[in-house]
Amino acid sequence: MDTNAGSFVAVRRLAGSDRAAGAVAFHHSSSAEVVTGSTAWIGRGLSCVCVQSRDSDARLSFDLTPVQEECLLRLQNRIEIQYDSSNIEHQEELKALWCASFPGTELRGLISEQWKEMGWQGKDPSTDFRGGGFISLENLLFFARNYPKSFQELLCKQNGDRAIWEYPFAVAGVNITFMLIQMLDLQAVKPRSLLGAVFLKLLSENDRAFDILYCITFKLMDQQWLDMHATYMDFNTVMKSTRRQLERELLIEDIQRVEDMPSYKLLAR
């Protein structure tokens, strides 16, 4: 992640009618309160959560079947694509994300204060994709289209006893994409850990396994957030806990599909 990309926004939920409505207030609102800081908060959290080498990893090597090689290559090709604000296809995907997130609300522009309502750090969300690339936008859009109920619950912070200062939804989504890529070592030629090998088996069963795992992770992260009564300063701790739970579930012996993971049941369409 680029730790010099600007500032992050922590969201303060309002009491009274706004709280009852499940609304999240951001810094463009006159009645909202925010706290800002360096995006090093995001970068440090990711480096601590994701870059974890194990002595055994360097010694492990797993051979792939031709099908697994093909699936991994397709996913790696997606991972390598950076978000390009001048690319019409990328622009349309970003507009589609807005429409899926706020149906019936007209977007005034690709650069607009409105984007802060989704939890982007500023009025131009393209600056937040540098850590996760175009696939992080694809992940968010897949979540919105395939599990709209869960997506809206997380976007609007509808469930549970929420913290006064909440994590920004969209930025958290980019963090999750980055964390999964690192955790599964998806940019390696072939798996160097048992976890990576297990995931490639799941990917060969379903070409959208990474996108589904992303949705599971986002919902699981939010559940961990609630269980830990976390606030935005606890984001790194919550991500570590989420990663540990994912690792445990992926290594369950009878997991044959990503949908077999226990936390998949958290998702609702």
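When I speak of contact between two helices in this talk, I mean heavy atoms within 4.5 Å, and I should add at once that what we are looking at is a predicted model.

With that in place, let me begin with helix H5, residues 134-146, and helix H9, residues 209-227, whose axes are 9 Å apart and which pack at an angle of about 70 degrees. Angles of 65 to 115 degrees count as roughly perpendicular, so that is how H5 stands to H9. On the H5 side the contact is made by Ile135, Glu138, Asn139, Leu140, Phe142 and Phe143, and these meet Phe210, Asp211, Ile212, Tyr214, Cys215 and Phe218 in H9. Sorted by class, this contact comprises nine nonpolar residues, one polar residue and two charged ones.

Turning to the rings, a search of the whole structure gives 14 aromatic pairs. One of them joins Phe143 and Tyr214, with ring centres 6.5 Å apart and planes at 85 degrees, which means that the pair is edge-to-face. Because Phe143 belongs to helix H5 and Tyr214 to helix H9, the pair ties together parts that are 71 residues apart in sequence.

Finally, the cavities: the whole structure holds two of 30 Å³ or more, and the second largest has a volume of about 40 Å³. Which residues line the second largest cavity? They are Leu72, Leu184, Asp185, Leu186, Ala188, Lys190, Pro191, Gly196 and Leu200, a lining that divides into six nonpolar residues, one polar and two charged.

How values were computed:
Residues are numbered from 1 along each chain as its sequence is written. This is a predicted model: local features need pLDDT of at least 70, side-chain atom pairs count only at pLDDT 80 or more; totals for chains, interfaces and linings use all residues. Side-chain values use heavy atoms; hydrogens and water are left out. Axes are lines fitted to C-alpha atoms, for helices over the stretch in contact, and angles run from 0 to 180 degrees between N-to-C directions. Helices (H or I, at least four residues) and strands (E, at least two) are DSSP runs, numbered from the N terminus. Angles under 35 degrees count as roughly parallel, over 145 as roughly antiparallel, 65 to 115 as roughly perpendicular and the rest as oblique. Ala, Val, Leu, Ile, Met, Phe, Trp, Tyr, Cys and Pro count as nonpolar, Asp, Glu, Lys and Arg as charged, and the others, Gly among them, as polar. On a 1 Å grid over the protein atoms alone, a cavity is a set of points where a 1.4 Å probe fits but cannot get out, and a pocket is an open set with protein on both sides within 12 Å along at least five of seven lines; lining residues have an atom within 4 Å of a point. Grid points are joined across faces, edges and corners, and a volume is the space filled by probe spheres set on the points. Rings of Phe, Tyr and Trp (its six-membered ring) pair if their centres lie within 6.5 Å; planes under 30 degrees apart count as stacked, over 60 as edge-to-face and the rest as tilted.
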